[in-house]
Amino acid sequence: MASGKTINSLAMLFNLNGKTAIITGASQGLGKQFAIILNKAGARVILASRDIDKLNAFSKELKNSKAIQMDVANSASVKAAFAALEEAGEKIDICINNAATEALTPVFSEDDNGDFERVMQTNVMGVWYVTKAVANHMKSHKINGSIINISSVNGDSFPYKELTAYAASKAAVIHMTKSLVTELSQYKIRINTINPGPVQSDLLGSPNKHDPNFWKDKIPAGFIAEPSYLDGLILYLASNSASKYVTGATFAIDGGISWGGKS
Ligand SMILES: NC(=O)c1ccc[n+]([C@@H]2O[C@H](COP(=O)([O-])OP(=O)(O)OC[C@H]3O[C@@H](n4cnc5c(N)ncnc54)[C@H](OP(=O)(O)O)[C@@H]3O)[C@@H](O)[C@H]2O)c1
């Protein structure tokens, strides 16, 4: 039979009472679910994205939360948002770099519409601007924080036709995470990456990609994920009690698509 002490520490393993998390791209999709699960575990959540009206409406549904406008692709916007949070006395323990965009960037196209640059600016520079701001915030407040970067299976092992900019941007996120470990570890700040496979959301693209049958033969597990399937891993990485020794790691949560998927 388990001892009382074990039960007590099990309960504490994913307890985020007294912690504050910032989630970029929290207005919908995965980011919205990350905010919900961290909030359920006791964390105050700061919801960031460009659409402040959407964030304010969502914030009303969560007991200990606040919305802040932030365009991660714009360094001045990120700096202004973090200055406002500092001014308000927020102390951020957890940061999820989740905001991202996607575009098809076929190599055999005359159309140089700036999509490649836009994807890189949001998905790579955005992660960099926010990481730099939050890491400096954590350092100055002596917070042993956790930064979680949301990359993608496309950034590692699942090349998808015409998705080159997105794949390259997500590969950069994986390597940026690893490259930051030494600097951040000096201040006991952890940083890790999650590579999701296909998950129901707007970003997933064409309507047929939302059809479970579309994925049946492509994903070894045989089904597409809901955003809540990432809850356990998010809590694990957010909690210093659960993942104190984990930094610089890359976690696939993809139904096995990176090992046996067909594009
Ligand atoms: N869904 C999947 O199948 C899948 C698979 C692998 C990886 N991922 C990754 O998971 C993360 C979330 O994806 P999702 O499926 O939830 O996408 P989504 O439904 O399209 O949501 C994207 C979020 O990012 C925000 N965003 C976009 N550009 C922004 C900017 N410049 N500044 C601030 N916020 C910005 C959007 O908010 P606003 O419009 O309000 O700014 C929105 O909240 C992304 O990193 C994505 O690459 C998703």
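**The ligand site and its surroundings in a predicted model**

The ligand occupies the space of the largest pocket. The structure is a predicted model, and the account below starts at this pocket before turning to individual residues elsewhere in the chain. Two elements, helix 2 (29-40) and helix 6 (164-185), each give two or more residues to the shell around the ligand. This shell divides into 13 nonpolar, 11 polar and 5 charged residues. Of the 29 residues around the ligand, those that come nearest are Ser 27, Ser 49, Arg 50, Tyr 166 and Ser 201.

Oxygen atoms of the ligand take part in several short approaches to the protein. Tyr 166 places a polar side-chain atom 2.5 Å from a ligand oxygen. Backbone atoms take part as well: a backbone N or O atom of Val 199 is found 2.8 Å from an oxygen atom of the ligand, and a polar backbone atom of Gly 25 is 3.1 Å from a ligand oxygen. On its own the ligand has 890 Å² of accessible area, of which the protein covers 93%.

Helix 6, one of the elements that contribute to the shell, also contains Ala 167. Ala 167 has a relative accessible area of 18%; because the limit for a buried residue is under 20%, Ala 167 is classed as buried. Along the chain, Ala 167 and Gly 261 are 94 residues apart, and their C-alpha atoms are separated by 16 Å.

Two strands provide further examples of buried positions. Ala 48 belongs to strand 2, which comprises residues 44-49. With 1% relative accessibility, Ala 48 counts as buried. Its C-alpha atom lies 6.1 Å from that of Ala 67, and the two residues are 19 positions apart in sequence. Asn 97, in turn, is part of strand 4, which spans residues 94-97. The relative accessible area of Asn 97 is 2%, so this residue is buried. The side chain of Asn 97 is joined to the side chain of Asn 149 by a polar contact of 2.8 Å.

The loops present another picture. Pro 106 is located in the loop between strand 4 and helix 5. Its relative accessibility is 32%, so Pro 106 counts as partly exposed. Between Pro 106 and Phe 116 there are 9.7 Å from C-alpha to C-alpha, for a separation of 10 residues along the chain.

Two lysines in loops merit attention for their backbone geometry. Lys 142 lies between helix 5 (115-140) and strand 5 (146-150), in the connecting loop. Although Lys 142 is not a glycine, its phi is positive, at about 55°. The relative accessible area of Lys 142 is 74%, and this residue is therefore exposed. Lys 188 occupies the loop between helix 6 and strand 6 (190-196). Phi of Lys 188 is likewise positive in a residue other than glycine, with a value near 55°. Lys 188 has a relative accessible area of 57%; because exposed means over 50%, Lys 188 is placed in the exposed class.

Note on methods:
Residues numbered from 1 in each chain as written. Predicted model: local features only at pLDDT ≥ 70, side-chain atom pairs only at ≥ 80, totals over all residues. Heavy atoms only, no water. Near = heavy atom within 4 Å. Polar contact = N/O pair within 3.5 Å; in protein donor to acceptor, adjacent residues only side chain to side chain. Areas by Shrake-Rupley, 256 points an atom, 1.4 Å probe, with all protein chains shown as cover. 1 Å grid on protein atoms, 1.4 Å probe; cavity = no way out; pocket = protein on both sides within 12 Å on 5 of 7 lines; lining within 4 Å. Sits in = over half its atoms within 2 Å of the grid points. Helix = DSSP H or I, 4+ residues; strand = E, 2+ residues; numbered from the N terminus. Nonpolar A, V, L, I, M, F, W, Y, C, P; charged D, E, K, R; others polar. Buried < 20%, exposed > 50% of the residue type's maximum accessible area, 1.4 Å probe, protein only.
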